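I opened this notebook to keep a careful record of what I looked up, one entry at a time. The structure comes first, and my notes follow.

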Amino acid sequence: SLYMLMQPEVEQYIFDSTPATVLFIIVWAVLLVTFIFLLIDFSLISSMKMNYHNLYDVAYSDPLSGIPNRFSCDTIIEKYYDKKLPDDIACVMIDLSNLPEINTLYDHRTGNKVLKDFSGILTRGGTILGTSRQPFKLMRVPDKDGLDKVEAMKHTYHKLNLNCLIILGGNGTHKTANLLREEGLNVITLPKTIDNDLWGTEMTFGFQSAVDIATDTIDRIHTTATSHSRVFIIEVMGHKVGYVTLHAGIAGGADIILLPEIPYDINVITDVINRRSREGKPFTILAVAEGAISKEDAKLKKKEYKEKISKRKYPSIAYELAEQIQEATDKEVRITVPGHTQRGGSPCAYDRVFATRVGAKAAEMILEGKYGYMVAMRDGETTAVPLEEVAGKLKMVDPKCGLIKEAKTIGISFGDE
């Protein structure tokens, strides 16, 4: 068309004829406007594409998983929409076309279910995270590569832009949690231990499930013990505190219960066994905490006792007791150690309800910005207890408590008198 316009006869015709001149101007005006709109449109498309890549880069800025975190989402919203999310609301931006890729990214880390939700974990025991704890006494000791574990945890906390750490565990875990609180991290803890030995709470989740398993073990031993007129020792978990052994022993109908808090006399134990035989009860069942200690050993200093244990020829206290009983009576003695079966399997109904309640309470505390506390159960209600009051304290069985007195009333011996 430009070539034709350059021909002299065409140019003369256009400019000598008014209708042709008007038509020429209109056509070129339309072409110019169309070109301008196309230019703007291409510019917008280019800008949108760049913004999309910016969004993509920010949304996938989580250094751990490549999945959007709270910080990246807030950045997006503030940058492109001039708004910020309220503190109690979280945002996750997901391109649905990439969801399989995102879930694959999460699958490479054992148990990470953030985008798959937590449905179905209520009936599962253990941890879905696959985590374990460094012993507290080694927390400040650099590893072979010189790594300061506390500083590493702080670095990771800030690197991931976390608002809070929810920490589940027992005594050692709570000491570490309090250490992190002192280092300035926002921490809330939940009482999770089968030992029920955390100070400040009446109950811990995991305890009732462990008691149920230990009780079931004692129940099943009754059959063989009765049939074969034997003495059975069931060694129950509880190194420093004997709550599991106490409750399982009473629930399972044990005749003798030995706890770390009540040093035993082997002569008292053999007297009970012999007396039962004279009364026509040819079997005896002992529920023994793994940390049970004799009156003689209880008098030793901590260092002396540790040295004695290190030289003991028996794998545990149950085997030492078995040999002593067998020498002092005419009874065959058998040992059952349920061991880690007490720590596994599906949690009981009580623990499921309890864990749900303390978890909900922790969520409320996060919304309130109430950090530095353990969620406890007192008088049947959830409450918050300052971490500094909990850390480093054990809740021991009181030898003079009502439960011990009531157990003695129905004839259970604790090997002390």
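**Leu259 and the nonpolar cores**

I began with Leu259 and, leaving aside its neighbours within four places in sequence, I found this residue in contact with Gly242, Thr245, Leu246, Ala289, Ala292, Val397, Ile404 and Phe414. I kept in mind while reading these contacts that the model is a predicted one.

I then looked up the largest nonpolar core, which has 40 residues, and noted that Leu259, Ile285 and Phe414 are those with the most contacts inside it. Several elements each supply at least two residues of this core, among them strand S2 (187-191), strand S3 (231-236), helix H9 (243-251), strand S5 (284-289) and helix H14 (349-368). Helix H8 (207-228) is also on that list, and the largest share of the core, seven residues, comes from H8. I also recorded a second, separate core of 17 residues, which includes Val231, Ile256, Ile269 and Ala292.

**The second largest pocket**

My next entry concerns the second largest pocket, in which about 620 Å³ of space lies. Its lining is made of 21 residues, and the closest to the pocket centre are His239, Lys240, Gly291, Tyr305 and Ile309. Which helices each supply at least two residues of this lining? I found that they are helix H11 (295-298) and helix H12 (302-311), and that H12 gives the largest share, four residues. When I sorted the lining by class, I wrote down 10 nonpolar, three polar and eight charged residues.

**Ala349**

I turned to Ala349, which lies in helix H14, and asked whether this residue is buried or exposed. Ala349 counts as exposed because its relative accessibility is 58%, and the cut-off for exposed is over 50%. I also looked up how Ala349 stands to Leu122: the two are 227 residues apart in sequence, while their C-alpha atoms are 9.8 Å apart in space.

**How confident the prediction is**

Last, I checked the pLDDT, which averages 79 over the chain, with 73% of the residues scoring at least 70. Over residues 1-6 the pLDDT stays under 50, and for this stretch the model has seven contacts beyond four places in sequence. Residues 105-116 likewise have a pLDDT below 50, and I noted 18 contacts in the model for that stretch beyond near neighbours in sequence.

Note on methods. Residues are numbered from 1 along each chain as its sequence is written. This is a predicted model: local features need pLDDT of at least 70, side-chain atom pairs count only at pLDDT 80 or more; totals for chains, interfaces and linings use all residues. Side-chain values use heavy atoms; hydrogens and water are left out. On a 1 Å grid over the protein atoms alone, a cavity is a set of points where a 1.4 Å probe fits but cannot get out, and a pocket is an open set with protein on both sides within 12 Å along at least five of seven lines; lining residues have an atom within 4 Å of a point. Grid points are joined across faces, edges and corners, and a volume is the space filled by probe spheres set on the points. Ala, Val, Leu, Ile, Met, Phe, Trp, Tyr, Cys and Pro count as nonpolar, Asp, Glu, Lys and Arg as charged, and the others, Gly among them, as polar. A nonpolar core is a set of buried Ala, Val, Leu, Ile, Met, Phe, Trp, Tyr and Cys residues joined through side-chain atoms within 4.5 Å. Buried means under 20% relative accessible area, exposed over 50%, partly exposed in between (1.4 Å probe, protein chains only). Contact means heavy atoms within 4.5 Å. pLDDT is the predictor's confidence in each residue, from 0 to 100.
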